[in-house]
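Biologist: I am new to this structure and would be grateful for a close look at one part of it. Please begin with the sheet and then proceed to whatever packs against it.

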Amino acid sequence: MLGTRLRCGFDLNRVPLVTELPPARRELIERHLIALPPDERRLRFAAALSDDALRAYARSIRFDRDAAFGAFDERLDLVGFGHLALAGPEAEFGLSVLPSARRQGLGLRLLLRAARHARALGTDSFLMTYLPENQALRELAKRAGMRIEFDAEGPLARMALPEAEPDALLHEAADATLTGLDLSFRLANRSAKQLTSA
Ligand SMILES: CC(C)(COP(=O)(O)OP(=O)(O)OC[C@H]1O[C@@H](n2cnc3c(N)ncnc32)[C@H](O)[C@@H]1OP(=O)(O)O)[C@@H](O)C(=O)NCCC(=O)NCCS
């Protein structure tokens, strides 16, 4: 972690990083969403949103109330993004991983990270938009212990969240600080490498 290389020579910078995103990363979120192919935008938002609509959505994320999580690959591209909306009694989570980064466990890591955050804030239910043709989400939800349910608005994936440990919020803050620092180190490391190779 924190931009280090282990003594055995294994470079931890090559391990994808999952971290909470601050408002300063809004532009990366926008770029990530616009890179999603149209049919996947529909699976994500239940509508194939245009580029402009995705920009408007990224601009509308309330970082003061909600939480955003990102997965960065070795090149520090934002290959996975999750938005945890905390407006009502139930947390709503939207998730996307770029096709090039699929089946590496990033979707599951982002989902479990967001569920832990919602739980730490005292939320007891966690929902995701689910279209019946979304086989990937159906399988992912099963892996995460979610259930597919039907309510008035249609099918959705739901997870009941148990009560959090008393120090859960402290763990959340520590995770956000450490992984945020890790990202800053990796970005600085990359800039230094670019400068020396120029
Ligand atoms: C759904 C999505 C987020 C999954 O992301 P991912 O990073 O590929 O998922 P993971 O690698 O974490 O998968 C974890 C497990 O979920 C299941 N899974 C994921 N994608 C699957 C697929 N296409 N087919 C079958 N099972 C799948 C598998 O059990 C997988 O474990 P395994 O690879 O060890 O077999 C991604 O496909 C996506 O962005 N889809 C478009 C947007 C979307 O549908 N969002 C959800 C609605 S908000």
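In which sense do strand 6 and strand 7 pair, and over how many bridges?

Modeller: The model is a predicted one. Strand 6 and strand 7 pair in the antiparallel sense, over five bridges. Together they form a hairpin, with two residues between the two strands. Within this pairing, F150 stands opposite P155 of strand 7.

The hairpin belongs to a wider arrangement. Strands 6 and 7 are part of an open sheet of seven strands, whose order is 1-2-3-4-5-7-6 and whose pairing is mixed. Strand 6, residues 147-151, stands at one edge and strand 1, residues 17-20, at another; each has a single partner strand, so one side of each is left without a neighbour in the sheet. From one strand to the next, the twist averages 30 degrees. In general, strands of a sheet pair through backbone hydrogen bonds, in either a parallel or an antiparallel manner.

On its other side, strand 7 is joined to strand 5 by five bridges, and these two strands run antiparallel. Here F126 has M159 of strand 7 as its bridge partner. Elsewhere in the sheet, strand 2 (residues 67-72) and strand 3 (residues 78-85) also pair in the antiparallel sense, over six bridges. In that pair, F69 stands opposite G82 of strand 3.

Two helices that pack on the sheet may now be added. Helix 4 touches strand 1, strand 2, strand 3, strand 4, strand 5 and strand 7 (154-160), and its direction makes about 25 degrees with that of strand 3. Helix 6, residues 168-197, touches strand 1 and strand 2, and its direction makes about 120 degrees with that of strand 1.

These two helices also meet each other. The axes of helix 4 and helix 6 come within 9 Å and cross at roughly 135 degrees, which makes helix 4 oblique to helix 6. Their crossing is left-handed. H117, R119 and A120 of helix 4 make the contact with A168, L169 and E172 of helix 6. By class, this contact of helix 4 with helix 6 has three nonpolar, one polar and two charged residues.

Helix 4 has a further partner in helix 5. The axes of helix 4 and helix 5 lie 10 Å apart, and the two pack at an angle of about 55 degrees; they are therefore oblique to each other. The crossing of helix 4 and helix 5 is right-handed. On the helix 4 side G107, L108, L111 and L112 take part, and they meet L140, R143 and A144 in helix 5. The residues of the contact of helix 4 with helix 5 divide into five nonpolar, one polar and one charged.

The ligand brings several of these elements together. It is surrounded by 23 residues, of which the closest are R102, G107, L108, A136 and E139. The elements that give two or more residues to this shell are helix 2 (38-45), strand 4 (91-97), helix 4 (106-120), strand 5 (125-129) and helix 5 (135-144). Helix 5 provides the largest share of the shell, six residues. By class, the shell has nine nonpolar, eight polar and six charged residues. G107 and L108 thus appear twice in this account: they are among the closest residues to the ligand, and they belong to the contact of helix 4 with helix 5.

Notes. Residues numbered from 1 in each chain as written. Predicted model: local features only at pLDDT ≥ 70, side-chain atom pairs only at ≥ 80, totals over all residues. Near = placed C-beta within 6 Å. Helix = DSSP H or I, 4+ residues; strand = E, 2+ residues; numbered from the N terminus. Nonpolar A, V, L, I, M, F, W, Y, C, P; charged D, E, K, R; others polar. Pairing = 2+ DSSP bridges. Axes fitted to C-alpha atoms, helices over the stretch in contact; angles between N-to-C directions. Contact = placed C-beta atoms within 7 Å. Parallel < 35°, antiparallel > 145°, perpendicular 65-115°, else oblique. Left-handed = near helix turned anticlockwise from the far one by under 90°.
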